[in-house]
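Visitor: Could you take me on a close look at the sheet in this protein, and at what surrounds it? I'm new to this, so please go step by step.

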Amino acid sequence: MYIAARPAPVSLPSQAGEVMSRKRVRTNALGIAAVVLFAAPWPAKAQDAKTPYPAMAPLEQYLMPDRNEEIKMARSAAPDSISADAEVLVLTKTGYETAVHGKNGFVCLVERSWTAGKNDSNFWNPKLRGPLCLNAPAVRSYLPRTIKKTELVIAGRTNAQIFEAIVAAIDKKELPAPEPGAMSYMLSKQGYLGDQAGGPWLPHLMFFTPETESKAWGAGLPGSPIIALQSPEERLTVFLVPVGRWSDGTAAVHTDAH
């Protein structure tokens, strides 16, 4: 499913436009990036013939029909004190575009499944929604990866082609390494971070670093609240720190189902 045409132009948020012109918890999380969330988003079952999402679904299945609902979901990633003044992106047929201009340096968006790791069984899951709010360093140094992946998806690239292109762009320094202090909020009750989770996971913070040993943060050690997700392909480590409350202030209750 390779389309030779150039990716469609993407309208970037003002905080990211300049840059682009130059979750021992059982979970399969996205970029976290989501997944993502989807992000998210890297420890997962390998893709094989049994995966329910072997290839990309029609693009329409990844879109949210109500733009205002997508804005609300994006903003639910962080407390109102942060998200109310943040820039908000929404996904369209031509890529992410700015729906609301912000003034505090944060950018909120809902990531889709392709921000998951290369071998994640949810990579093409059209149900995935990973709301997150990125701070300014993450806007400059993490968000360009999501934008680039989305361009490649819309251009019809396969999973393998997407990661080949991302690795090449990192090698050429077309995509920056994570800046010090790059982080995001993922405190939304509204996300869907994979079929295993069946909805949101736990409210958590994510910290983006160049590839780093998990033990440098004490991640994964007995009693440690920190989880490390490693993405060797992207020379990226994401540290997840669960917190006790959702963005609306209500207490989070962990269940084994997640």
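Guide: One term before we start: a residue counts as exposed when its relative accessible area is over 50%, as buried when that area is under 20%, and as partly exposed in between. Keep in mind that this is a predicted model. The chain has an average pLDDT of 84, and 79% of the residues score at least 70. Over residues 1-49, though, the pLDDT is below 50, even if this stretch has 192 contacts in the model beyond near neighbours in sequence.

Now for the sheet. It's an open one, built from 8 strands with mixed pairing, and if you walk across it you meet β2-β1-β3-β4-β5-β6-β8-β7 in that order. At the edges sit β2 (95-100) and β7 (227-231), each pairing on one side only. On average, neighbouring strands are turned by 30° against each other, ignoring direction.

Let's stop at β4 and β5. Strand β4 (residues 130-134) runs antiparallel to β5 (residues 183-186), and 2 bridges join them. Here Leu 134 stands opposite Ser 184 in β5.

Helices pack on this sheet too. Helix α2 (residues 67-75) touches β1, β2, β3 and β4, and its direction makes about 130° with that of β1. Helix α5 (residues 143-154) touches β1, β2, β3, β4 and β8, with its direction at about 125° to that of β2.

What about the nonpolar residues? The largest nonpolar core has 42 residues, and Leu 134 turns up again among those with the most contacts inside it, along with Leu 109, Trp 124, Leu 143, Ile 162 and Phe 208. Helix α6 gives the largest share of this core, 5 residues. Try clicking on Leu 109: leaving aside neighbours within four places in sequence, its contacts include Ala 74, Leu 89, Leu 132, Leu 134 and Leu 143. There's also a second, separate core of 18 residues, and Met 64, Met 73, Ala 86 and Val 90 are among them.

Last stop, the loops. Most residues other than glycine have a negative phi. Lys 173 isn't a glycine, yet its phi is positive, about 60°. You'll find Lys 173 in the loop between α6 (159-171) and β5. Its relative accessible area is 72%, so Lys 173 is exposed. Arg 235 also has a positive phi without being a glycine, near 50°, and lies in the loop between β7 and β8. Arg 235 has a relative accessible area of 33%, so this one is partly exposed.

Notes: Residues are numbered from 1 along each chain as its sequence is written. This is a predicted model: local features need pLDDT of at least 70, side-chain atom pairs count only at pLDDT 80 or more; totals for chains, interfaces and linings use all residues. Side-chain values use heavy atoms; hydrogens and water are left out. pLDDT is the predictor's confidence in each residue, from 0 to 100. Contact means heavy atoms within 4.5 Å. Two strands pair if DSSP finds at least two bridges between them. Helices (H or I, at least four residues) and strands (E, at least two) are DSSP runs, numbered from the N terminus. Axes are lines fitted to C-alpha atoms, for helices over the stretch in contact, and angles run from 0 to 180 degrees between N-to-C directions. Buried means under 20% relative accessible area, exposed over 50%, partly exposed in between (1.4 Å probe, protein chains only). A nonpolar core is a set of buried Ala, Val, Leu, Ile, Met, Phe, Trp, Tyr and Cys residues joined through side-chain atoms within 4.5 Å.
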